[in-house]
Amino acid sequence: MSFFQAIRIALETIRVQKLKSFFTVIGVMIGVTFLIAVVSIVAGMSRYMKDDLIGKIIAVNSFSLRRTPDFQVGDVTQATRNEWRRRPRVYEADVHAVAAALPADVLWATESSENLNVESAYARPRSVQCSTVSPGWFDIKRMGAAQGRLISIQEYQLGTPVVVIGKDVADHFFPNLNPIGRELRIQSIPYTVIGVAEAQGSVFGQSLDKFLVAPDKSPLNRWVNPHSVVDAMIVQGPTDAGMRDAMESTRAVMRARRHLHPEQPDNFEMETSESALDFWNKIQSYLTIAGVALPTVGLVVGAIVIMNIMLVAVAERTREIGIRKALGARRRDILNQFLVESATLSTLGAAVGVALGIGFAKLIAALSPLPAAVAVWSIFVGVGIGAGVGMIAGIYPASRAALLDPIAAMRQET
Amino acid sequence: MNSTSVEAPLTETAERRVVTGTAGATPESKWVIVTRGIKREYDMGGEVVRALRGVDLAIARNEYVAIMGPSGSGKSTLMNIVGCLDTPNAGEYWLNGQLVSTMSDDALARVRNKEIGFVFQTFNLLPRATALHNVELPLVYAGVSSDVRRRRAKEALEKVQLENRMDHRPNELSGGQRQRVAIARALVNDPSMLLADEPTGNLDSQTSEEIMRVFESLADSGQTVVMVTHEPDIAQHARRVVVLRDGLISTDDTRDAFVARIGLGTQHA
Ligand SMILES: Nc1ncnc2c1ncn2[C@@H]1O[C@H](COP(=O)(O)OP(=O)(O)O)[C@@H](O)[C@H]1O
Ligand SMILES: [Mg+2]
């Protein structure tokens, strides 16, 4: 008997008992639905991370020199934490020494941030992430002004109390007003708004436009960091290779300034977009494990259900099996028939699950900030898993059917 | 009748052994069935039921034989062995020159598919399949392609005058029609013999006669037919009647001798 013949028999059997077939594969269907939905969402987040988020948060070909990692995930041991706490801060003096060793085509800027209380005459006070930055920061971030202008070199040098604000900050503090030239009070110190930055969009529903930037020599600086300390020095090479060279010379300068012996590890951090991606990859692996483990439970339950239903089917069709054997079906014909039936059933369930999973992912993407990208491989894996589960679940019932004695089987009353 | 007909009652085992031949020897090619000392026992939890106690039987090509006997005499057991659904505990069974009594399950399945057409008392059609599909089944397991299968199944249904019932399911057919579908199914793969176990057991007497006419015409056209029945009325349609009693052959007659001996003819006259 050919494979296609076996599939035809299976489809026929499924056709005449649609509802029962549906309940048989519901476990597999749900399992595959979850698998596809989770994989699609993780894949969507991943693409988003790589294409949008990392590019938005971390400028291209750039790294930041800082005391401890900004992105951290997973198990950071107490020993590591203690080591971080013992690290010296990054001082302006360090920054100047590093900058002196960088080639001319490498850009750099400092950045220090704190959430501070901000007031205006037109709205409720609010906490805003306030950063003080040095010249070059806007260039590295490739950030321009949507209204007004950016900070001038004189304002940097003089530490003039001016701010460039994000779009959300402008909307909140100056509703229906032009914010340019108006006053914002940060920790009660008056600042003049000189520009509104181009909209930066959002990440996972978190707006990237809730910020405020002032020159590093302005009075705000003493609120964001102790004197002469910076959170980070951002360095941007002209190319990826330029960035790597800059990282090496930065490392050399920093190690020399801190008198580190060759066997001692760095006591500072240089984070690139790769570090952020590492951080994301770790999250992704946790999500993928969860996204695979949960459906697996569904699939195991689904397999047990299919096995039981197939055992019932074999019992119900004992007479049919006897007749087929009497007419010349060999053991392997009967075995194949039930294996194919079980696998076909389960594959159909999985295919429905794939469709539902894609639907789910799109629905979640539409209703929440989570993005979704359907991974083509997951469709094949989903359908393949369906077939596999059906096969495995079918082995025992099918072999029971194959071993039936035709005489006894034909005697069974139906 | 032809030369393979049995002349007188072969009641003595010794006489029949002359016909069936010596153990191990391949029978002459005219014999479709040769059994030599076939025994079949069932172990019923300590108590052994001896269903067949040494059956020697030879049936030639083109014969139409009835196997008769009271209930429990071993007819179905013999039929199952002759039909390769079961194997004997002892003795030899040669089918068409092949020793089948020692074959594996799968080899027996092949022999059933190629050599034997079954007709059962309870029809044994697949309830969800159409008449045509039921008739196609043996060809499915013979590996015949679907269009050839379809054509041959149609031809077989035409032979039993059911060409206009091809798309009916068994529950849409009368008992006689179902049995004719079963006969078409039995014939579709050109078997060496048609093997029927109480083919009229579930039919009224008029329908039984109709089925007997089908058997008659098949026998006329040269089909070897072996039919198990406990009804002398039915048995007398065959051209040779073998009577089983307690797992042994008690008589083996031509139809005329059988009818004359048990006086059936007078009943019908
Ligand atoms: N599967 C079986 N298990 C046990 N005993 C059986 C089995 N099949 C038949 N028998 C016994 O073998 C004897 C012959 O049975 P059977 O061949 O069915 O006779 P018949 O068909 O002539 O009525 C009976 O005593 C019956 O009880
Ligand atoms: Mg019987």
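The questions and answers below concern a predicted model and go through sheets, helix pairs and single residues of chains A and B.

Reader: In the open sheet of six strands in chain B, which strands stand at the edges?
Author: The order of this open sheet is β6-β7-β8-β3-β9-β10 in chain B, and the pairing within it is mixed. From one strand to the next the twist averages 20 degrees. The strands that pair on one side only are the edge strands, β6 (116-119) and β10 (248-254) of chain B.

Reader: Which residue in β9(B) stands opposite B:V65?
Author: Strand β3 (residues 64-68) of chain B and strand β9 (residues 240-245) of chain B are paired in the parallel sense, and four bridges hold the pairing. Opposite B:V65, in β9(B), stands B:R240.

Reader: And what is the bridge partner of B:V65 in β8(B)?
Author: β3(B) and β8(B) run parallel and are joined by four bridges. Within β8(B), the residue that serves as bridge partner of B:V65 is B:V226.

Reader: Which residue in β8(B) does B:A196 stand opposite?
Author: Strand β7 (residues 193-197) of chain B pairs with β8(B) in the parallel sense, over five bridges. The residue of β8(B) that stands opposite B:A196 is B:M227.

Reader: Are the faces of β8(B) covered or open, and how many of its residues are buried?
Author: On one side of β8(B) the residues B:T224, B:V226 and B:V228 are buried, and on the other side B:V225 and B:M227 are buried, which leaves both faces covered. The strand is largely enclosed by the rest of the structure, because the count of buried residues in β8(B) is five of the five.

Reader: Is B:Q223 buried or exposed, and what is its relative accessible area?
Author: B:Q223 lies in the loop between α7 (205-220) and β8 (224-228) of chain B. Leaving out residues up to four places away in sequence, B:Q223 touches B:E63, B:L187, B:P191, B:S192, B:M193, B:L194 and B:L218. Since buried means under 20% relative accessible area, B:Q223 is buried, with a value of 15%.

Reader: Which helix packs on the six-stranded sheet, and what angle does its direction make with that of β10(B)?
Author: The helix that packs on this sheet is α9 (residues 255-262) of chain B, which touches β3, β9 and β10 of chain B. Between the direction of α9 and that of β10(B) the angle is about 110 degrees.

Reader: In the open sheet of four strands in chain B, what is the bridge partner of B:I33 in β4(B)?
Author: This sheet has the order β2-β1-β4-β5 in chain B, with antiparallel pairing. β2 (47-60) and β5 (98-99) of chain B each have a single partner strand, so one side of each is left without a neighbour in the sheet. Strand β1 (residues 31-44) and strand β4 (residues 90-95) of chain B run antiparallel and are joined by five bridges. In β4(B), the bridge partner of B:I33 is B:L95.

Reader: What angle does the direction of helix α2 of chain B make with that of β2(B)?
Author: Helix α2 (residues 75-82) of chain B packs on the four-stranded sheet, where it touches β1, β2 and β4 of chain B. The angle between the direction of α2 and that of β2(B) is about 60 degrees.

Reader: Are α4(B) and α6(B) roughly parallel or roughly antiparallel to each other?
Author: Helix α4 (residues 131-141) and helix α6 (residues 175-187) of chain B have axes 7 Å apart and pack at an angle of about 30 degrees, in a right-handed crossing. In their contact, B:A131, B:N134, B:V135 and B:P138 of α4(B) meet B:V181, B:A184 and B:R185 of α6(B), and by class these are five nonpolar, one polar and one charged residues. Angles under 35 degrees count as roughly parallel, and α4(B) and α6(B) are therefore roughly parallel.

Reader: How many nonpolar residues does the contact of α13(A) with α14(A) have?
Author: The axes of helix α13 (residues 331-367) and helix α14 (residues 376-402) of chain A come within 6 Å and cross at roughly 150 degrees. That makes α13(A) roughly antiparallel to α14(A), and the crossing is right-handed. By class, the contact includes eight polar residues and one charged residue, while the number of nonpolar residues is 19.

Reader: What is the relative accessibility of A:V162, and is A:V162 buried or exposed?
Author: A:V162 is found in strand β6 (residues 162-165) of chain A. Apart from neighbours within four places in sequence, the residues in contact with A:V162 are A:E155, A:Y191, A:T192, A:I194, A:V213, A:A214 and A:P215. A:V162 counts as buried, at a relative accessibility of 5%.

Key: Residues numbered from 1 in each chain as written. Chains lettered and ligands numbered in written order. Predicted model: local features only at pLDDT ≥ 70, side-chain atom pairs only at ≥ 80, totals over all residues. Heavy atoms only, no water. Pairing = 2+ DSSP bridges. Helix = DSSP H or I, 4+ residues; strand = E, 2+ residues; numbered from the N terminus. Axes fitted to C-alpha atoms, helices over the stretch in contact; angles between N-to-C directions. Contact = heavy atoms within 4.5 Å. Parallel < 35°, antiparallel > 145°, perpendicular 65-115°, else oblique. Left-handed = near helix turned anticlockwise from the far one by under 90°. Nonpolar A, V, L, I, M, F, W, Y, C, P; charged D, E, K, R; others polar. Buried < 20%, exposed > 50% of the residue type's maximum accessible area, 1.4 Å probe, protein only.
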